[in-house]
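User: I am new to this structure and should like to understand the terms used to describe it. Please explain the grounds for each one.

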Amino acid sequence: MSSKLINFKTLGDDRGSLIALEENYNTPFAIKRVYYIFDTKAGIRRGYHAHLDLKQLAICVKGSCKFLLDDGERRETIELSTPNQGLLIEGLVWREMFDFSEDCVLMVLADEHYDEDDYIRDYKKFIEVVKNEKK
Ligand code: T46
């Protein structure tokens, strides 16, 4: 599975905490885009897609949520619940995000601009693409 958790160093003092994300230093790619998901309604599940060629680093800067990751052979669920941890997702991975806490702010760094053509939003097509990759 092409995903892994990255721990960020928490800086700070008696005023509070601070985390710095620096391109190609503690983020493993050059950042072209940042987006964040918030105010997610109770019980909502998002995602339901894979990307053809995109690296992303997802960080719950507030609250918590879970990711279901599926590489076509194995599935795993990862909970993000601290701002000092990022989930790197790259390669052909189907993802679904769920169990968002009411206060959740999920920030995602990406190595490419938004491109709808990079999305595989159909699970059957995703499995076909995975199989073709392995031929
Ligand atoms: C991903 C997971 C973790 C844009 O116009 N620009 C953007 O950069 C993004 C990310 C989305 N959009 C538009 C496309 C849709 O009309 O915003 C709308 C919601 O996007 P989507 O339904 O794809 O959102 P999620 O939460 O299902 O998925 C998002 C990312 O799209 C995706 O790349 O890996 O978060």
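**Terms and their grounds**

Analyst: Asparagine 24 lies in the loop between β3 (16-18) and β4, where helices (H or I, at least four residues) and strands (E, at least two) are DSSP runs, numbered from the N terminus. This is a predicted model in which local features need pLDDT of at least 70 and side-chain atom pairs count only at pLDDT 80 or more, while totals for chains, interfaces and linings use all residues. Residues are numbered from 1 along each chain as its sequence is written, and side-chain values use heavy atoms, with hydrogens and water left out.

User: Why is asparagine 24 called exposed?

Analyst: Exposed means over 50% relative accessible area, buried under 20%, and partly exposed in between (1.4 Å probe, protein chains only). Asparagine 24 has 53% relative accessibility and therefore counts as exposed. Its phi is positive, about 60°, although asparagine 24 is not a glycine.

User: What makes aspartate 39 exposed?

Analyst: Aspartate 39 has a relative accessibility of 52%, so it counts as exposed. Aspartate 39 is placed in the loop between β4 and β5, and its phi, near 55°, is a positive value in a residue other than glycine.

User: Why is lysine 131 called exposed?

Analyst: The relative accessible area of lysine 131 is 56%, and therefore it is exposed. Lysine 131 is found in helix α1 (residues 123-134).

User: What makes the approach of histidine 51 to the ligand a polar contact?

Analyst: A polar contact is a pair of N or O atoms within 3.5 Å; within protein, one must be able to donate a hydrogen and the other to accept it, and residues adjacent in sequence count only if both atoms are side-chain atoms. A polar side-chain atom of histidine 51 lies 2.6 Å from an oxygen atom of the ligand, so the pair qualifies. For arginine 95, a polar side-chain atom is 3.0 Å from a ligand oxygen atom. In tyrosine 119, an N or O atom of the side chain is 2.5 Å from an oxygen atom of the ligand.

User: Which residues come nearest to the ligand?

Analyst: A residue is near a molecule or strand if one of its heavy atoms lies within 4 Å of it. There are 13 residues around the ligand, and Arg33, Arg46, His51, Gln56 and Tyr119 come nearest.

User: Which strand supplies the largest share of the shell around the ligand?

Analyst: The largest share, four residues, comes from β5. At least two residues of the shell are supplied by each of β4 (33-38), β5 (46-51) and β10 (94-98).
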